[in-house]
2 protein chains.
Amino acid sequence: MKKIINKPEDFVDEMLDGIVRAYGDRLKVAGEQGRVVLRSSGPKKGRVGIVTGGGSGHLPVFLGYVGSGLLDGCAVGNVFASPSSQTMFEMIKSCDGGKGVLCLYGNYGGDNLNFDMACEMADFEDIKTATVRVADDVASSPRETAEKRRGVAGMVYAFKIAGAAADEGRDLEGVAQAARKALASTRTMGVALSPCILPQVGKPTFSIKDDEIEIGMGIHGEPGIEVRPMMDADAVASLLLSKILADLPLASGDEVSVMVNGLGATPLEELLIVYRSLHISLSALGVSLVMPHVGEFATSMEMAGLSVTVIKLDAELKALLRAPASTPFYTNENK
Amino acid sequence: MKKIINKPEDFVDEMLDGIVRAYGDRLKVAGEQGRVVLRSSGPKKGRVGIVTGGGSGHLPVFLGYVGSGLLDGCAVGNVFASPSSQTMFEMIKSCDGGKGVLCLYGNYGGDNLNFDMACEMADFEDIKTATVRVADDVASSPRETAEKRRGVAGMVYAFKIAGAAADEGRDLEGVAQAARKALASTRTMGVALSPCILPQVGKPTFSIKDDEIEIGMGIHGEPGIEVRPMMDADAVASLLLSKILADLPLASGDEVSVMVNGLGATPLEELLIVYRSLHISLSALGVSLVMPHVGEFATSMEMAGLSVTVIKLDAELKALLRAPASTPFYTNENK
């Protein structure tokens, strides 16, 4: 197996141990199963807590966004598998600073079910929760059934904006509202060039032909909307942007932040070439681009490919996006 | 070809155009061939300039370290090819703030030759230069001929420390001395699991068998010291650390910063598992670890594999490493 790991069944726990060994001054691992990542400093009294959760294998998503100006906690599942409701509940409890907890996570069946149960458990202990599900992937369902869409890299913008809203002292509904507003203006779509290898399987669980590209594939290898012959960077950028703009119309004078997110194996040089192409197209429409996010923000282990996320900004969203945020895996200090 | 690019011959220029479009507030491209990357703000009057250069395909190396607290300029070559001496000379000229320019770059034949010529050209124009070559890769030559070693990820520590020394107002010899001191305490060694694809070739230029790992392979695919059957993460960490420690002895009470650098396709999870293993081994020796660098700092496009760099710190090096530094591709704000 071409992975630099030890026993596959230790993959997640050793990764978490590595994180604590590297970043123990800022992050800690808690929970009965050792699957809750929290800020070392704990929840801020009087600030709304924000938590997420999901399967492993997507770093920096999800736990990489636990830190100042962002999330308070993350429930960590096995590779591509939802964490348990018990783990989520322990996390919610740990992240309540007295003003309630926003659960902000990707729209996947297992996560939805477990978070719903965890919120019920929290309710029994009089911890207020609110839920916002990220469903930014335009490829995963048509506009008419947008609520069925999966959550992908766009969640990073939602984490950032909700975190800044909580830092401003907004209440639970206000923070949830900021997240919803961010997501209403955020769309993502991706392409995949190669599969990824699950540690416990040891070989690719699906395949993409050498001369083909899969449009709209999900970050767990969910089938995309079509398979096409391999195309060049400008064509990839143009295709993804057109699908996004069909869903999120932009006009001259609009301001956006664009994320070009590598899924794992795609070189940074290629992400920059795609950013260039998007910048040319959007500039031609009179749209201005601020705070570029070019790099790996939400991956699928060693999958080759990328996603493009566009968030349309107004003054409020822009200010929240600009507010300081820092974790060992993300900072906007240099964006 | 499974690369998201346009015409292969446009790869470098489109990448640079992407950088200017994304980060034009901080970086600019100059030079007759458009292959010099500079800080938008230009050289700081009265500060020693620091420059580097090398082939493309290694982002964030080299140009990703142009920015505050780090480098003033970078000469950009074609993929895996040295920039021209003319480009280097233009860069040196642009980066002289009146106190001379340190050329700090990897020890490769073409780069050595061209930087030497560029420094001669600078000398004709009465620009003082100093040269420090990075030769941190222990796999590339035995200790007795350490001057023949190649420069790899350890150069990032040298960039950082030299940049901080220049910010302190040290003179040219003082900044060169800081870089030399950093490098005397820095060793790197890597493993490769897969080749990478040059845009103009379109297929891998060498191969590694599915069940094998190449120990000590260079970042351009230079042959390593041996090919072994695939091994687990602890074995990789232990092997790399033992080769590094044979060359850079550490004792109880020593303090180091460790970089686990992904070469392109290796997931962040796996880098953290290797960091964990190194942390356990070094802690057992009584060595303490500060300022972890886990991520992609010096890549070979989509090559799978990683390198480990250890820098032994004293109070001076630690302070220089901690001093603020920020580019669009690197910040130590969250390290």
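Trainee: Which residues of H7(A) do Ala233(A), Asp234(A), Val236(A), Ala237(A), Ser238(A) and Leu241(A) in H6(A) meet?

Mentor: Keep in mind that this is a predicted model. Contact here is counted when C-beta atoms, placed from the backbone, lie within 7 Å. By class, the H6(A) contact with H7(A) has seven nonpolar, three polar and two charged residues. On the H7(A) side, the partners are Glu270(A), Ile273(A), Val274(A), Ser277(A), Leu278(A) and Ser281(A).

Trainee: Are H6(A) and H7(A) roughly parallel, roughly perpendicular or oblique to each other?

Mentor: Start with the geometry: their axes lie 9 Å apart and make an angle of about 55 degrees. Roughly parallel needs an angle under 35 degrees, and roughly perpendicular runs from 65 to 115. The crossing is right-handed. With that angle, H6(A) and H7(A) are therefore oblique.

Trainee: Moving to the other helix pair, what is the class make-up of the contact of H2(A) with H3(A)?

Mentor: Helix H2 covers residues 85-94 of chain A and helix H3 covers residues 109-124, and they pack at about 50 degrees with axes 8 Å apart. That makes H2(A) oblique to H3(A). Ser85(A), Met88(A), Phe89(A), Ile92(A) and Lys93(A) in H2(A) meet H3(A) residues that include Asn114(A), Phe115(A) and Met121(A). By class, the contact has eight nonpolar, two polar and one charged residues.

Trainee: Is the crossing of H2(A) past H3(A) left-handed or right-handed?

Mentor: Handedness depends on which way the near helix is turned from the far one: anticlockwise by less than a right angle is left-handed, and clockwise is right-handed. For H2(A) passing H3(A), the crossing is right-handed.

Trainee: Which element gives the most to the side of chain A that touches chain B?

Mentor: In total, 51 residues of chain A are in contact with 51 residues of chain B. The elements giving two or more residues to the chain A side are helix H1 (11-23), helix H6 (233-247) and helix H7 (268-284). By class, that side has 25 nonpolar, 13 polar and 13 charged residues. With nine residues, the element that gives the most is H7(A).

Trainee: And which residue of chain A has the C-alpha nearest the axis?

Mentor: A rotation of 180 degrees, with 0.0 Å of shift along its axis, superposes chain A on chain B at an RMSD of 0.0 Å. The two copies are thus related as by a two-fold rotation axis. In chain A, the C-alpha nearest that axis lies 2.0 Å from it and belongs to Ala265(A).

Trainee: What percentage of the interface residues of chain A are also interface residues in chain B?

Mentor: The copies meet through the same surface. That follows because the share of chain A interface residues that are also interface residues in chain B is 100%.

How values were computed. Residues are numbered from 1 along each chain as its sequence is written. Chains are lettered from A and ligands numbered from 1 in the order in which they are written. This is a predicted model: local features need pLDDT of at least 70, side-chain atom pairs count only at pLDDT 80 or more; totals for chains, interfaces and linings use all residues. Copies are superposed by least squares on the C-alpha atoms of residues with pLDDT of at least 70 in both. Two residues are in contact if their C-beta atoms, placed from the backbone, lie within 7 Å. Axes are lines fitted to C-alpha atoms, for helices over the stretch in contact, and angles run from 0 to 180 degrees between N-to-C directions. Helices (H or I, at least four residues) and strands (E, at least two) are DSSP runs, numbered from the N terminus. Angles under 35 degrees count as roughly parallel, over 145 as roughly antiparallel, 65 to 115 as roughly perpendicular and the rest as oblique. Ala, Val, Leu, Ile, Met, Phe, Trp, Tyr, Cys and Pro count as nonpolar, Asp, Glu, Lys and Arg as charged, and the others, Gly among them, as polar.
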